[in-house]
Amino acid sequence: MRKATKRANYNYENFLPQHDSPKKGRSHDAGPSNAQNSGQFPNFSSHQQPVYPLILPLFPLTSAYSTLFLLVTTPIITTMQAPRLFDLRSKAEDSDHHGHRTHTSLHDASTLPAFRRLSLDDTTSEPRRFLIPVDATLKSLLSREDTDQNVQITIDDAGPKVLSLGTESSHGFKHFDIRGNYMLSNLLQELTLAKDSGRKHIILDEARLNENPVQRLSRLIRYSFWPNLTRRIDASSIEKAGRDPKDWTDDPRPRIYIPESCPDQIQYYEQLARDRPLIRLDVQVLTPHELTPEGIRDLNNKPGLLALAMEEWTSSRTAAKELRGLPFVVPGGRFNEMYGWDSYMESLGLIVNERTDLAKSMVQNFCFCIKHYGKILNANRTYYLGRTQPPFLTDMALRVYDKIRHEPDALDFLREAMLAAIKEYYTVWMASPRFDPLTGLSRYRPVGIGVPPETEASHFTHILEPYAKRYNMEYFEFVQAYNRDDGTVTEPDLDEYFLHDRAVRESGHDTSYRLENVAANLATVDLNSLLYKYETDIARCIQFFFEDHLEIPADMCVVAHGMKPNQKETSAAWNRRAKSRRRAIDRYLWNESKGMYFDYDTVKQEQTDYETATTFWAMWAGLATPQQAAALVIKALPKFEAFGGLVSGTAESRGAIGIDRPSRQWDYPYGWAPQQILAWGGFLRYGFQDEAERLAYKWLYMVTKAFVDFNGIVVEKYDVTRPIDPHKVDAEYGNQGSDFKGVAKEGFGWVNASYVYGLSIVNTHMKRALGTCTPWETFRKATEASEGA
């Protein structure tokens, strides 16, 4: 039995190494964003409610009331016209099977008193509610307002922006006008949900249509988006989880591969296929041979889902013991499987939203992947077996442990995660071909043969067509011949191209001119920062939780690294590894004159000059010295900061674009949630509170404004230089999360997480300003004027 006192007093924030802060952070009002000036990592997981000043009522604010507050307390004139202040009421909400509240449009009568209105419209002491015939109103709304006919109401539509609804108190006889893009788009969303639920009539609160957008989006993420993105792989959802929008074969069908080392799962799925023949489930057993490059290539003819962890439970229906899959969250859009670093980012939002159970199960699924597939997979499909993704397992496990540390199996959970991380560290990142012995650094360098099959059919046409003509073959005939690797087609240059293409995809940054045609040769700042974090996390875990020796069982030993069954890992050894990597990073990746980190080309043996936002990952990992952190903030940050947060890279590094050199989605001017999240954490860790809050505010404002103006949209990535419609991107792959009819039901995984996570960083006054869609510059000037008064 381990010492309980150590676990009981453990706190994740105190677990991280501290630095002398080169710049003191400004203290703000009490709330979840309040971080310590010492540079201590902030408590992102805290979810306490903000305490409003007496000038505000203690209930959710409408846009109009928060606009009024800003106008009264600071000289702000917002860019968003203040709508009428509608009466507020409590909203009844259904509960799902976890006991969490779920979104609904039907409410009981309010018991809260009405408040004075700000307009001369018809007044009433009762909250206004509408009695709405769903089909007729939906048809009328779309015919009047959806002028571009995409089943969304946005600022791009040229409709009259007004619709009359019958009130519930008059049984629909008296009408009231609903005005403005935001209210009408919310009405469309509510009517679409009602229609999908089979409702013919609904009673709808006016306050739901004019809901504070920050509160609305936060509510949707918590009670709608997360549940809609959650999957299990078992009998309950194999049809949904098994669907693959990327399946290119003539007969796409649910197909699952189970490791031969999991006989209970094999028996389970074979019985499922017999019991439910109509779903046409194809059950395959995965052998060790199929984990080789040749085996992975051959599986491309019959692609399928890879089994994840299952647990035994007692069925309430039959009282018998059964297996069920551990749940996980998918990114959304065309990505319907568990992805590596997406899952880490999603877990941050899940923990804020008190869904640690989901984050925990994703950690357990990662451990299953390392044990049976050799790595945390790019995603759990057969064509990803040769690739991993940026490693975040140790930090993810520690954040989950911080929330469950009083549970009886918490220490076993942490032990399993750290053992899996140690095995992955040795077999993936410190082994050929990813480890570079000359520098002591690691690279994204996955194995594979042929053309990556998960891309769109035309993605590589411009690359492969000239080769096909050279061999007098049709395009698809050439692709098949090249993939066979039997000597019919021998093209070393093409082999090199796809080596780097697979490395780009493994990095998670697909695609970028930073990595194109060179990715597999680069010791990147992002990967080596993450591995430094692995080394320091493992060292402190061993010291703090396992009395400075962690025993490695036989099935987790890595013989190639000289490990023996039951040998003991110590914190000193892992601290030495961290110090060695830090010296190598300072030698090869740090540029003192430019004040930032760069990638290192291990083949050319020279530092690259591409400026990337991953330079801030060194701060997130605690790798930078206080002096280096200050240089990053002073010299690097101005290069990347834009209207909506951080750009992925600078325009200068990207270079000119045109017909022959199109935009790449991980380059300027696009910004991504992971880059924002890790930068926020890095700045807070080193005491740069103001910078973290400013960047978080800009990102949150951009997401909120697009949500308000474009029918509740939440997408995969944004053009952070574009104030009006940042979700409209001109890059390959389009933008996942934008293709919906009537109402967005999923958002996009890591953007959902960045939103609730970012709200835990900004202070209360910022949240109120975000609720009125106040741009950063307007908020900054008003705040400075208020402080100077």
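Begin with the whole chain in view: it exposes about 31300 Å², and carbon and sulfur atoms supply 51% of that area, where accessible areas come from the Shrake-Rupley method with a 1.4 Å probe. This is a predicted model, in which local features need pLDDT of at least 70 and side-chain atom pairs count only at pLDDT 80 or more, while totals for chains, interfaces and linings use all residues. Residues are numbered from 1 along each chain as its sequence is written, and side-chain values use heavy atoms, with hydrogens and water left out.

Still with the whole chain selected, note that 62% of its 789 residues count as buried, a word that means under 20% relative accessible area, with the 1.4 Å probe and protein chains only. The chain has 27 helices and 26 strands; these are DSSP runs numbered from the N terminus, with at least four residues (H or I) for a helix and at least two (E) for a strand. Among contacts between residues at least 6 apart in sequence, 71% join residues at least 24 apart, a contact being heavy atoms within 4.5 Å.

Next, select residue S185, which lies in helix α5 (residues 181–196). S185 is buried, with a relative accessible area of 0%. If you leave aside its neighbours within four places in sequence, S185 is in contact with I153, V708 and N711. The C-alpha atoms of S185 and I153 are separated by 5.1 Å, although the two residues are 32 residues apart along the chain.

Now move to residues 255–259, which form strand β8, and to residues 282–286, which form strand β9; the two pair in the parallel sense over five bridges, and strands are said to pair if DSSP finds at least two bridges between them. Within this pairing, the bridge partner of I258 is V285 in β9. Add helix α9 (residues 263–275) to the selection, and you have a right-handed β-α-β unit made of β8, α9 and β9. To check the hand, point the strands away from you: the crossover is right-handed if the path from the first strand over the helix to the second runs clockwise.

From there, go to the second largest pocket, by selecting W248, P453, V479, Q480 and N483, which are the closest to its centre among the 24 residues that line it. About 700 Å³ of space lies in this pocket. The elements that give two or more residues to its lining are α10 (293–298) and α16 (475–484), and α16 gives the most, with six residues.

For a view of some strands, turn to the open sheet of three strands with the order β16-β21-β22 and antiparallel pairing. Its edge strands are β16 (522–523) and β22 (606–607), each of which pairs on one side only. Strand β21 (residues 600–601) is joined to β22 by two bridges, and D601 has E606 in β22 as its bridge partner.

Then select Q675, found in helix α23 (residues 673–685). Q675 is buried, with a relative accessible area of 1%, and beyond its neighbours within four places in sequence it is in contact with H509, A613, T614, W617, L646, S648 and W666. The C-alpha atoms of Q675 and S648, which are 27 residues apart along the chain, are separated by 7.1 Å.

Finish at helix α25 (residues 749–759), where 11 of the 11 residues are buried, so the helix is largely enclosed by the rest of the structure. Among these buried residues you can pick out W750, Y755 and Y757.

Terms used
Buried < 20%, exposed > 50% of the residue type's maximum accessible area, 1.4 Å probe, protein only. 1 Å grid on protein atoms, 1.4 Å probe; cavity = no way out; pocket = protein on both sides within 12 Å on 5 of 7 lines; lining within 4 Å. Points joined across faces, edges and corners; volume = space filled by probe spheres on them.
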